Amino acid sequence: MNTFEKIPTIYGENPILDAVYEELMVIENLEIDAISYDRLDLLPSIRESMLPIKARINKIEGFIIYPEAL
């Protein structure tokens, strides 16, 4: 591994980041439910609702983890 690669923060090291990831996890669970119950019509709005949370994660981490949130 390149020593200059950015590595995401490990869960438990940053309580603020942990809370943001937990917010994302709730919405990801909605995405899984929509797929499981064949409600694919809900996916665009569910995925759109993830973008502000993913953008916050990018900002807190200080590098891009979620390019779709730029």
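Reader: How does the span of helix α2 (residues 43-61) square with its 19 residues?

Author: A helix's expected span is 1.5 Å times one less than its number of residues. For α2, that gives 27 Å, and its end C-alpha atoms are 26 Å apart, which agrees. Helices here are DSSP runs (H or I, at least four residues; strands are E, at least two), numbered from the N terminus. Bear in mind that this is a predicted model, where local features need pLDDT of at least 70, side-chain atom pairs count only at pLDDT 80 or more, and totals for chains, interfaces and linings use all residues. Residues are numbered from 1 along each chain as its sequence is written, and side-chain values use heavy atoms, with hydrogens and water left out.

Reader: Where in α2 is there a kink?

Author: The bend at a residue is the angle between axes fitted to the seven residues ending there and the seven starting there. In α2, a kink of about 30° lies at L51, shortly before the proline P52. Just after the helix, G62 takes a positive phi of about 85°.

Reader: Which residues of α2 are buried?

Author: Buried means under 20% relative accessible area, exposed over 50%, and partly exposed in between (1.4 Å probe, protein chains only). In α2 the buried ones are L43, I46, M50, I53, K54, I57, N58 and E61. Part of what covers them is α1 (15-36).

Reader: What does E31 touch?

Author: Contact means heavy atoms within 4.5 Å. E31, a residue of helix α1, touches L43, I46, R47 and M50, leaving aside residues up to four places away in sequence. E31 counts as buried because its relative accessibility is 17%.

Reader: How many salt bridges does the structure hold?

Author: Side chains of opposite charge can pair when their charged atoms come close. The cut-off for a salt bridge is a side-chain nitrogen of Lys or Arg within 4 Å of a carboxyl oxygen of Asp or Glu. The structure holds four. One of them joins R47 and E31 (2.5 Å, N to O). That pair links distant parts of the chain, with R47 in helix α2 and E31 in helix α1, 16 residues apart. R47 is at 41% relative accessibility, so R47 counts as partly exposed.

Reader: What does K54 pair with?

Author: K54 forms a salt bridge with E68, and their closest N and O atoms are 2.8 Å apart. K54 lies in helix α2 and E68 in the segment after α2, so the pair ties together parts 14 residues apart in sequence. K54 counts as buried at 11% relative accessibility, whereas E68 is partly exposed at 42%.
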